[in-house]
Amino acid sequence: MKKKMKPILFTMFILAAVTAGGFYFLLSQDSGPTGEFQERMAKAQNDLEENRSYRYDLDESAIPLATSGEKKNVLNFEHDVVYDVQQSNRDRERLDRLIKRTDADFENPIIARNPFGTNENSFYFYFTTSYRCMVRYTITVEDEAIYDHTRYINNGSENNLSKTHEFVISGLIPGKTNYIILELVDSSGSKREGKTYKYAIPKGNVPEKIPVELGYSKEASHNGMFFVFPKNANQILTYDNQGVLRNITKTETGHGKRIYQTGDSVLYQIAPDKVARVSSLGRVLGVVKVNGYGAIKDFCYDGYNEIYSLGSRKKREYLLATSMQTGKTRVVFCFPKGIFVGSLAPKQGGGIYLTAAKPSGIIYMDAITSAEPKISFVMGKRADWKKKLGKKKIAEEKEAVTWDTAASQISLTEDGTYSLLVRKQGQATGVCVQLDSKKRGLKVVMTSKFGGNAANRLQVQGEHMILTDVQAGNFAEYDRKGKVTRKFSYGSPVDSVVKLTLAGMCFYGM
């Protein structure tokens, strides 16, 4: 009996080891990207990688994306009116019907060209896989001066691994034959399957590549793309860190100065008095129009339903709130005569910060969702504000009183601080501050001085600042020491430049 037990015990040990190993393998398959892979992912999505995927044999092996003819493999959508929620819903229903009656897989995906009409030169993909994975795509062109554009799709699943894949590929360059290398990768970034498509886009009437100058910073530019708002235009242009055009977003009759990412959607103006909310697929989720108060001077979103905006009527300035659900606009506050506001940014807890164009200062408004919103206090010079608000509401904060906020645009940063560009002793100065509504004060956490008086737009991204000269159309990214990483020249006036990663919306691991 003892002799028979040895092989039995040995067999049980082997089975246990195999089972444990198999269990570990299964866990490792769904464990998500490792730290090392996340570093590689971030580097690949910086648009600064010199190693290119282009090969001369790509043209023969790539599958043409055909929108017409016998070899048509792309679904076309016609859009006379783009920013219409009902039309966008119908487009979504058309895709859903196709998904239900088609067993789409990686070899035979559903492909549609710009199905919702919001992003030119983009392609919608849908397919399923028999195993959990993520999608990586790389856009490469023959031109050696243009680096690859690589992105990992955010699929919203745990560890970004899924069997269902629905996404939009953007980043294709007008005037080029674009090769789209589509890959399925596991949690370590290893390729499981791959396909290559190609699509040639005619040259457009906007710069496909803008001049870029390297600065003296030792730091690399942050990941993300620059959303450029050309003056007197009805489109928003997106450029990467190399100054290459990667997307064109159409609007109706204007675009304002802002684009916000909120969860899985973005918000931007499509006309002087209209704001749209658009999903990662380009679907129009909501549109609001602010009637009767002229062009929107600035806007922000409460993250749930209401668009807060600044407008004017009969020489008075107003803070307004428009519901995404009902489309109705209500007056939140009518500012006292002689006060002119320039920009606004939300605060958690029902408050809002505004910059004043005249008199100069930072306004804090409390209880904006209540029946009686009010100006709680203003940080500015007492002599400028006492006749308008009274002495009790003026906080003569030592830093703020030295700032001229006439052209400032205040923005809430990712870490909860606020950024704004001010004039200090005639010089443009970018500041990032912690604002304290309880103590009625602020703490400067980062500052950069910029030469000359031309700079008039500022954005903070991480520990970097993006500064724009709107008249010349120049913009640059500065590191924490105030040194330029890269400087870009659009070449004509712009209204604004904003940098976003779209991480957690379109892309993963930025």
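Trainee: How far apart are the mean positions of the positive and negative charges of the protein?

Mentor: In this predicted model, the protein carries 72 positive and 55 negative charges. Taking the mean position of each group, the separation comes to 8 Å.

Trainee: How many salt bridges does the structure hold?

Mentor: Side chains of opposite charge can pair when their charged atoms come close. A pair counts here when a side-chain nitrogen of Lys or Arg is within 4 Å of a carboxyl oxygen of Asp or Glu. By that criterion, the number of salt bridges in the structure is 21.

Trainee: Which residue forms a salt bridge with D143?

Mentor: D143 lies in the loop between β5 (123–140) and β6 (149–152). The partner is 33 residues apart from D143, in the loop between β7 (162–169) and β8 (177–185). The closest N and O atoms of the pair are 3.0 Å apart, and the partner is K176.

Trainee: Is K176 buried, partly exposed or exposed?

Mentor: Buried means under 20% relative accessible area, and exposed means over 50%. The value for K176 is 26%. Because this value falls in between, K176 is partly exposed.

Trainee: With which residue does R382 form a salt bridge?

Mentor: The closest N and O atoms of this pair are 3.1 Å apart, and the partner of R382 is E396. R382 lies in helix α5 (residues 382–389), whereas the partner lies in the loop between β26 (394–395) and β27 (411–412), so the pair ties together parts that are 14 residues apart in sequence. At 41% relative accessibility, the partner counts as partly exposed; its name is E396.

Trainee: How far apart are the closest N and O atoms of E463 and R480?

Mentor: E463 lies in the loop between β31 (457–461) and β32 (464–469), and R480 in the loop between β33 (474–478) and β34 (484–489). The pair therefore ties together parts that are 17 residues apart in sequence. The two residues form a salt bridge, and the distance between their closest N and O atoms is 2.9 Å.

Trainee: What is the radius of gyration of the protein?

Mentor: The secondary structure of the protein comes to five helices and 35 strands. For 510 residues the globule rule gives 24 Å, and the value of the protein is close to this, so the protein is as compact as a globular protein of that length. The radius of gyration is 26 Å.

Trainee: What percentage of the residues of the protein count as buried?

Mentor: A residue counts as buried when its relative accessible area is under 20%. Of the 510 residues of the protein, the share that counts as buried is 52%.

Conventions. Residues are numbered from 1 along each chain as its sequence is written. This is a predicted model: local features need pLDDT of at least 70, side-chain atom pairs count only at pLDDT 80 or more; totals for chains, interfaces and linings use all residues. Side-chain values use heavy atoms; hydrogens and water are left out. Helices (H or I, at least four residues) and strands (E, at least two) are DSSP runs, numbered from the N terminus. The radius of gyration is taken over C-alpha atoms; the globule rule is 2.2 Å times the number of residues to the power 0.38. Buried means under 20% relative accessible area, exposed over 50%, partly exposed in between (1.4 Å probe, protein chains only). Lys and Arg count as positive and Asp and Glu as negative; His and the chain ends are not counted. The place of a charge is taken as NZ of Lys, CZ of Arg, CG of Asp or CD of Glu.
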